[in-house]
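Got your viewer open and a selection tool ready? Load the model below and follow along, one selection at a time.

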Amino acid sequence: MGRAEVGTPKYIANKMKAKGLQRLRWYCQVCEKQCRDENGFRCHTQSESHVRQMLIIGENPQRKIAEYSEQFKRDFVSLLKSSHGEKKINFNKFYQEYISDRNHIHMNATRWVSLSEFVKYLGDQGICKVEIDPGKEGGYTIAYIDNSPESIRRRDLAHKRERGDKDDLEREQKQLEWQVKKAKMESEELKKIKTKAGESDENKSESDDAKYTKELQRDGTQPIKLALSFGKKPTVTATATPKRLKLK
C-alpha cells in the first residue's frame, strides 16, 4: 500500500496521528524515524534502507555513539542555557521540555544508560550545578554554569564589588567599636577626676574642722580668759550758750 499523497485527507490524518511524542522504543535513531506501533517498527527494521544504515554504522559503532552523545549533550545544554539561563530547574521537568521536540537525539542512542547517569556526568564535568531537589517533584535540580569569558569577567566584578562592600562594612564596624571604646574610656577618666575632686574637698573640709576644733580646745588647768577690747568713749564738745540780756 503506497503512501498517501500530500494534501489528501489521509495524509492530513496521518500527520495528526504522528504529531507529538510516540513510544521511545519504536523510534529508530539511525534513520530518524518514529513508528507508531510495534508492527510498524518491525517492518522498518527489515527495510532495505535501515539495513544499509546499520551496515555502515557497524563498521565503527563507537564513533557513531560518540557523535550521538556529543550532539545530545550539546542540544541539551544549549536549550537549558537559552531557556533558563543559570536558574535552577527540576531535571525531569526540563527533560520533558527537551524531548518535546520530535527531532531530538534520543538517549538510547547515546553512551548514557539512564537520566541519573547523565545528570551526574553534567555535575562531574562542571557543566551544571546539580543538587538534590527538596521539593515535591524529587530527583535533582540543575543550573547551567556559564563559563564564558564575559560571564567570568562579570562574576569577578560582582565578587570584587561584594568584597569591597564587605571591607567597607567591616571598616565602619571597627570605627564604630573604637568610638564606643573611646567614649567608655573618657567616661571612666571623667569619673576618676570627679572622684578625686570629691576626695580632695572632703579632706580639706576635715582639716578645717580639725583646725577649728583644735583652736576651741583648752587645757583643763588654765582659767578661761576673755580678751575684750572696748573703744574710746565718744567725747561731747560743749557749745557756748548765748547770754540773756537783762532789761532795765
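The stops below go from the whole chain to a single threonine, and then on to the salt bridges.

**Whole chain.** Keep in mind throughout that this is a predicted model. Show everything as cartoon to begin with: you should find seven helices and five strands. Trace the chain along the sequence and the order reads α-β-β-α-α-α-β-α-α-β-β-α. Now switch on a surface. The accessible area comes to about 21000 Å², and carbon and sulfur atoms own 53% of that. Of the 248 residues, 18% count as buried. For a contact map, take the pairs with a separation of 6 or more: 45% of those contacts link residues 24 or more positions apart.

**Select Thr110.** Zoom in on the loop between α5 (91-98) and α6 (115-124), where Thr110 is found. Is Thr110 buried or exposed? Its relative accessible area is 10%, which is under the 20% cut-off, so Thr110 counts as buried.

What does the side chain of Thr110 reach at 2.6 Å? Put a distance label on the backbone oxygen of Met107, and there is your partner. Then label a second pair: a polar atom of the Thr110 side chain and the backbone nitrogen of Trp112 lie 3.4 Å apart.

Next, expand the selection to the neighbours. Leaving out residues up to four places away in sequence, Thr110 touches Ile65, Tyr68, Ser69, Phe72 and Ile105. Add Lys73 too, as it leads to the next stop: its C-alpha atom is 9.4 Å from that of Thr110, although 37 residues separate the two along the chain.

**Select Glu70 and Lys73.** Here the side chains meet in a salt bridge, at 3.6 Å from N to O. How far apart are Glu70 and Lys73 in helix α4 (residues 61-84)? They are three residues apart, so about one helical turn separates them. Colour the pair by accessibility and the two ends differ in class: Glu70 is partly exposed at 40%, while Lys73 is buried at 16%.

As background, side chains of opposite charge can pair when their charged atoms come close. In this model the count of salt bridges comes to six.

**Select Lys88 and Glu131.** This salt bridge has an N to O distance of 2.7 Å. Why does the pair tie together parts that are 43 residues apart in sequence? Because Lys88 lies in the loop between α4 and β3 (89-90), whereas Glu131 lies in strand β4 (residues 128-132). By accessibility, Lys88 counts as exposed at 53%, and Glu131 as partly exposed at 28%.

**Stay on Glu131 and add Lys129.** Glu131 also forms a salt bridge with Lys129, with the closest N and O atoms 3.6 Å apart. Lys129 is partly exposed, with a relative accessibility of 45%.

**Last selection.** Pick Arg63, Lys64 and Glu67 together: salt bridges with shared partners join these residues into one network. Show them as sticks and you can follow the network from partner to partner.

Methods. Residues are numbered from 1 along each chain as its sequence is written. This is a predicted model: local features need pLDDT of at least 70, side-chain atom pairs count only at pLDDT 80 or more; totals for chains, interfaces and linings use all residues. Side-chain values use heavy atoms; hydrogens and water are left out. Helices (H or I, at least four residues) and strands (E, at least two) are DSSP runs, numbered from the N terminus. Buried means under 20% relative accessible area, exposed over 50%, partly exposed in between (1.4 Å probe, protein chains only). Contact means heavy atoms within 4.5 Å. A polar contact is a pair of N or O atoms within 3.5 Å; within protein, one must be able to donate a hydrogen and the other to accept it, and residues adjacent in sequence count only if both atoms are side-chain atoms. Accessible areas come from the Shrake-Rupley method with a 1.4 Å probe; for residues, only the protein chains shown count as cover. A salt bridge is a side-chain nitrogen of Lys or Arg within 4 Å of a carboxyl oxygen of Asp or Glu.
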